[in-house]
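Dear colleague,

I am handing over the structure we spoke about, and below it you will find a short account of what was found in it. Please read the account with the structure open beside you.

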Amino acid sequence: MHRTAALLLPLALVLGACSSGSDDAPAAEPVKAAEPADSPELTADPAGTVVDLDPDAEGMVFDPVTGLLAVAVRDPNRLVLTDAQGVTQAEIPLPGHARHLQLAAPGGPVLVPAEDSNMLVEVALPGGEVTETMVGDYPHDAARVASGQILVGDEMGGTLSVVTDGEVTQTFDSQTQPGGVATVGDVAGVVDVGAFSITTYDVAAGELQTVLDAGDGPTHIVTDGQGRFLVADTRGDAMLVYGSDPLELDSTYPLEGTPYGLAYDSTDQVVWVTLTATNEVVGLSTAGDELTEVARFPTVRQPNTVAVDPTTGRVFVGSRETGQLQLIDARG
């Protein structure tokens, strides 16, 4: 494992300041994890079509094999499965609320970290059969590596749970507050929303690899077709692009508007980013060495979450404020 000097320098400055400052100086408030902006009222009509869904829609993923969109909703907590038009096909009760959803593989199952139940829920598609595994404290995101193991970020426990065939087989305690998780082969990239860092783990080998800075307040992470990690620096108004082998910062793309939700279209090589401060969703091409903007659409209010159908290019945006689902045909 190695850690960059950029992480060590702030610690040295803090120690220096403590040794020379007055004993009466108040302790600085620790900087908390970044959050989406409190979105303003709409100033433009949302693009595409808007349909009613359910309260507190947040966490979505589209499965191109079954053609189903999975959306986590609350009151009560459940997973809503809709077709590509937003028409509900099934509802699966969940033991807790969720904010992140991923597919273990095309065709499912859907990985649902049910935060306040401390469970990873795997929901089969299209039938909705459920498998539950008790993990760490407040699971926030989960992703499967090539070897088949699932890495779960236990946000409030500061741990990562490795789930193998429905059982926790290893626990990493190297995180402060794990947030987003994404994978390239057997390597997982984990955003620490409390330490503002990105860490890679060889999950199959059970080893921590590298830790780097990740901006002013990272939240979500996805991977692209070039094996890179794409991180939303929500507080820093930027997208960060990291090579995965080895982990290194390749480029920074300024993106004002408090970027938050992410989804990757592997066909068009576009990452879709929601801007919660401006009620927009932006498409950034990942085909080159650096990101370039290729599309921008007005959205529903509080667009915390986004998904995409790589077959048709349809983009789905969920509103945490209104419970609405927006359908945008980005390819025209």
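**An open sheet, two pockets and a serine**

Four strands form an open sheet in the order S11-S12-S13-S14, and the pairing between them is antiparallel. Its edges are strand S11 (139-144) and strand S14 (167-172), each of which pairs on one side only. On average, and with direction ignored, neighbouring strands of this sheet are turned by 25° against each other. Please keep in mind throughout that this is a predicted model.

Within that sheet, strand S13 (residues 159-164) runs antiparallel to S14 and is joined to it by five bridges. If you would like a specific pair to look at, valine 162 has glutamine 170, in S14, as its bridge partner.

Turning to the pockets, the largest has a volume of about 900 Å³, and its lining is made up of 36 residues, with Val61, Gln102, Leu103, Val222 and Tyr264 lying nearest its centre. The elements that contribute two or more residues to this lining are strand S3 (60-63), strand S7 (102-103), S11, strand S15 (178-184), strand S19 (218-223), strand S23 (259-265) and strand S27 (305-308), so named here that you can select them directly. Among these elements, S23 gives the most to the lining, with five residues. By residue type, the lining of the largest pocket divides into 22 nonpolar, 10 polar and four charged residues.

The second largest pocket has a volume of about 150 Å³. It is lined by 14 residues, of which Ala34, Glu35, Arg99, His140 and Glu155 are the closest to its centre. The lining of this second largest pocket consists of five nonpolar, six polar and three charged residues.

Finally, there is one residue that I looked at individually, namely serine 197, which lies in strand S17 (residues 197-202). Is serine 197 buried or exposed? With a relative accessible area of 3%, serine 197 counts as buried, because that value falls under the 20% cut-off. Leaving aside its neighbours within four places in sequence, serine 197 is in contact with Val190, Val191 and Asp192, with Val211, Leu212, Asp213 and Ala214, and also with Pro218.

With best regards

Note on methods. Residues are numbered from 1 along each chain as its sequence is written. This is a predicted model: local features need pLDDT of at least 70, side-chain atom pairs count only at pLDDT 80 or more; totals for chains, interfaces and linings use all residues. Side-chain values use heavy atoms; hydrogens and water are left out. Two strands pair if DSSP finds at least two bridges between them. Axes are lines fitted to C-alpha atoms, for helices over the stretch in contact, and angles run from 0 to 180 degrees between N-to-C directions. On a 1 Å grid over the protein atoms alone, a cavity is a set of points where a 1.4 Å probe fits but cannot get out, and a pocket is an open set with protein on both sides within 12 Å along at least five of seven lines; lining residues have an atom within 4 Å of a point. Grid points are joined across faces, edges and corners, and a volume is the space filled by probe spheres set on the points. Ala, Val, Leu, Ile, Met, Phe, Trp, Tyr, Cys and Pro count as nonpolar, Asp, Glu, Lys and Arg as charged, and the others, Gly among them, as polar. Buried means under 20% relative accessible area, exposed over 50%, partly exposed in between (1.4 Å probe, protein chains only). Contact means heavy atoms within 4.5 Å.
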